[in-house]
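This report goes through one protein chain by its sheets, helices and buried residues. Please keep the sequence and coordinates open while reading.

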Amino acid sequence: MSLDPAVRARIDALLQANRAVLFMKGDPSAPQCGFSAKAVSALESLGAEFTHVNVLADPEIREGIKAYGDWPTIPQLYVDGDLVGGSDIIGQMVNSGELHTALGLPAPDRTPPSITITPAALQMLRQAIDDAGGEVAVQVDIDRAFRTRLNLAPADADAVAVDVEGVRVQFDLAGARRADGLTIDFADDMRGKGLVIDNPNAPRPVSRISPAEADAKIRAGELLLVDVRPPEERAIASVPVPFRTFDDGRAAIEALPKDTAIAFLCHGGTRSGHAAEEFQALGFRSVHNVEGGIVAWSRTVDASIPEY
């Protein structure tokens with residue numbers, strides 16, 4: 001694949017001006033693919049400073065960077081002008097300490113986390129390990145949002161590992177720091193049937209608020225409503241109470257006092273839930289998601305609001 005000289009010059013300039021550059025989909029606060037999210041999580045676990053390029057916003061760079069380093073996928077990390085690789089290689093180099101060295105950072109903290117596995121969960125895990133042939137470990141991945149996945153994987157010498165009564169449990173560096181105090185249990189009750197994770201480090205769930213309660217609090221001046229939908233959706237249906245939007249960005253709302261009571265609204269509650277989680281992570285202490293979004297508002301509070 002040929003590379004336009006003008007695009008090559010743009011990439012050269014980026015790499016010369018910045019020691020570490022991550023070409024990714026989306027931006028670090030909102031990655032647009034799982035591999036980009038994994039790369040960001042690995043770099044942030046180092047406390048590393050890096051420049052990012054959102055290739056989704058720049059089609060020339062999106063295609064050009066693949067030809068520049070003869071690497072067909074995104075994300076891609078460059079350090080000191082040299083291609084490091086994609087998300088898997090980034091993760092491996094973080095866990096081994098190689099990326100710390102490349103960036104001139106202190107050696108990573110490899111202290112194993114303190115975790116608990118209940119007898120019932122141990123029995124289930126041992127059975128799964130035996131069924132897999134016995135030569136595997138329990139891999140625990142914990143992302144930035146503290147979503148946790150368990151699977152069986154080959155033992156990784158670079159992973160941070162802990163032995164729980166003969167069961168090897170391993171983490172990447174970022175996950176290890178997020179896992180301290182973790183409990184793995186087996187449930188067969190109202191929580192469902194299977195392994196259940198309790199992580200005391202995870203942020204508390206965002207509070208849900210009904211449309212009726214939100215309406216009353218907004219009218220009483222006790223709650224700020226933020227409609228996260230774009231203008232074209234609000235043109236179809238909007239609530240008849242004061243609200244703010246993200247049309248001009250989030251800075252003004254993020255600058256509000258952290259004790260401001262805020263509720264987020266969207267069409268059905270998903271996008272607003274994500275926004276609420278992000279603001280809670282910023283330190284806002286009274287954050288709510290309007291349950292069911294404007295659809296529920298129409299059905300339970302004001303039937304004159306159109307459904308779409």
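In which sense do strand 8 and strand 9 pair, and over how many bridges? Strand 8, residues 137-142, pairs with strand 9 in the antiparallel sense, and six bridges connect them. The model discussed here is predicted.

## The sheet 9-8-11-10

Strand 8 and strand 9 belong to an open sheet of four strands, ordered 9-8-11-10, with mixed pairing. Its edges are strand 9 (148-153) and strand 10 (160-164), each of which pairs on one side only. Neighbouring strands in this sheet are turned against each other by 25° on average, direction ignored. Within the antiparallel pair of strand 8 and strand 9, Asp141 is placed opposite Arg149 of strand 9.

Helix 6, formed by residues 119-131, lies across strand 8, strand 9, strand 10 and strand 11. Relative to strand 11 (167-171), helix 6 runs at about 90°.

## The sheet 4-1-5-6

A further open sheet has four strands in the order 4-1-5-6, and the pairing is again mixed. Strand 4 (51-54) and strand 6 (82-85) are the edge strands, pairing on one side only. From one strand to the next, the twist averages 25°. Strands of a sheet pair through backbone hydrogen bonds, in either a parallel or an antiparallel arrangement. For strand 1 (residues 20-24) and strand 4 the sense is parallel, over four bridges. Met24 stands opposite Asn54 in strand 4.

Which strands does helix 1 lie across? Helix 1, residues 5-17, lies across strand 1, strand 4 and strand 5 (76-79), and runs at about 135° to strand 1. Helix 2 (residues 34-46) lies across strand 1 and strand 5, at about 160° to strand 1.

## Gln16 on helix 1

Gln16 is part of helix 1. Is Gln16 buried or exposed? Gln16 has a relative accessible area of 70%, and since the cut-off for exposed is over 50%, Gln16 counts as exposed. Between the C-alpha atoms of Gln16 and Phe243 the separation is 45 Å, with these positions 227 residues apart along the chain.

## The largest nonpolar core

The largest nonpolar core holds 38 residues, of which Leu22, Ile90, Leu99, Ile117 and Val169 touch the most other members. Helix 2 supplies the largest share of this core, namely five residues.

Which residues does Val169 touch, leaving out those up to four places away in sequence? The contacts of Val169 on that basis are Ile115, Ile117, Val138, Val140, Val160, Ala161, Val162 and Val164.

## His100 in helix 5

His100 sits in helix 5, which spans residues 98-103. Its relative accessible area is 6%; buried means under 20%, so His100 is classed as buried. Not counting residues up to four places away in sequence, His100 touches Leu46, Val94, Leu105, Pro106, Ala107, Pro108 and Leu173.

## Helix 8 against helix 12

Two packed helices are described by the angle between their axes and the distance between the axes. For helix 8 (residues 211-219) and helix 12 (residues 293-300), the angle is about 85° and the axes are 9 Å apart. Helix 8 is therefore roughly perpendicular to helix 12, as angles of 65 to 115 degrees fall in that class.

Helix 8 contributes Pro211, Ala214, Asp215 and Ile218 to the contact, while helix 12 contributes Gly293, Ala296, Trp297 and Thr300. By type, the residues of this contact are five nonpolar, two polar and one charged.

## Strand 17 and its partners

Why is strand 17 described as largely enclosed by the rest of the structure? The reason is burial: five of the five residues of strand 17 (residues 261-265) are buried. In a regular strand the side chains alternate between the two faces of the sheet. On strand 17, both faces are covered, with Ala261, Ala263 and Leu265 buried on one side and Ile262 and Phe264 buried on the other.

Strand 17 runs parallel to strand 15 (residues 224-227), joined by four bridges. In this pairing, Leu225 stands opposite Ala263 of strand 17. Strand 17 also runs parallel to strand 18 (residues 286-290), again with four bridges. There, Ala261 has Ser286 of strand 18 as its bridge partner.

Definitions and conventions. Residues are numbered from 1 along each chain as its sequence is written. This is a predicted model: local features need pLDDT of at least 70, side-chain atom pairs count only at pLDDT 80 or more; totals for chains, interfaces and linings use all residues. Side-chain values use heavy atoms; hydrogens and water are left out. Two strands pair if DSSP finds at least two bridges between them. Helices (H or I, at least four residues) and strands (E, at least two) are DSSP runs, numbered from the N terminus. Axes are lines fitted to C-alpha atoms, for helices over the stretch in contact, and angles run from 0 to 180 degrees between N-to-C directions. Contact means heavy atoms within 4.5 Å. Buried means under 20% relative accessible area, exposed over 50%, partly exposed in between (1.4 Å probe, protein chains only). A nonpolar core is a set of buried Ala, Val, Leu, Ile, Met, Phe, Trp, Tyr and Cys residues joined through side-chain atoms within 4.5 Å. Angles under 35 degrees count as roughly parallel, over 145 as roughly antiparallel, 65 to 115 as roughly perpendicular and the rest as oblique. Ala, Val, Leu, Ile, Met, Phe, Trp, Tyr, Cys and Pro count as nonpolar, Asp, Glu, Lys and Arg as charged, and the others, Gly among them, as polar.
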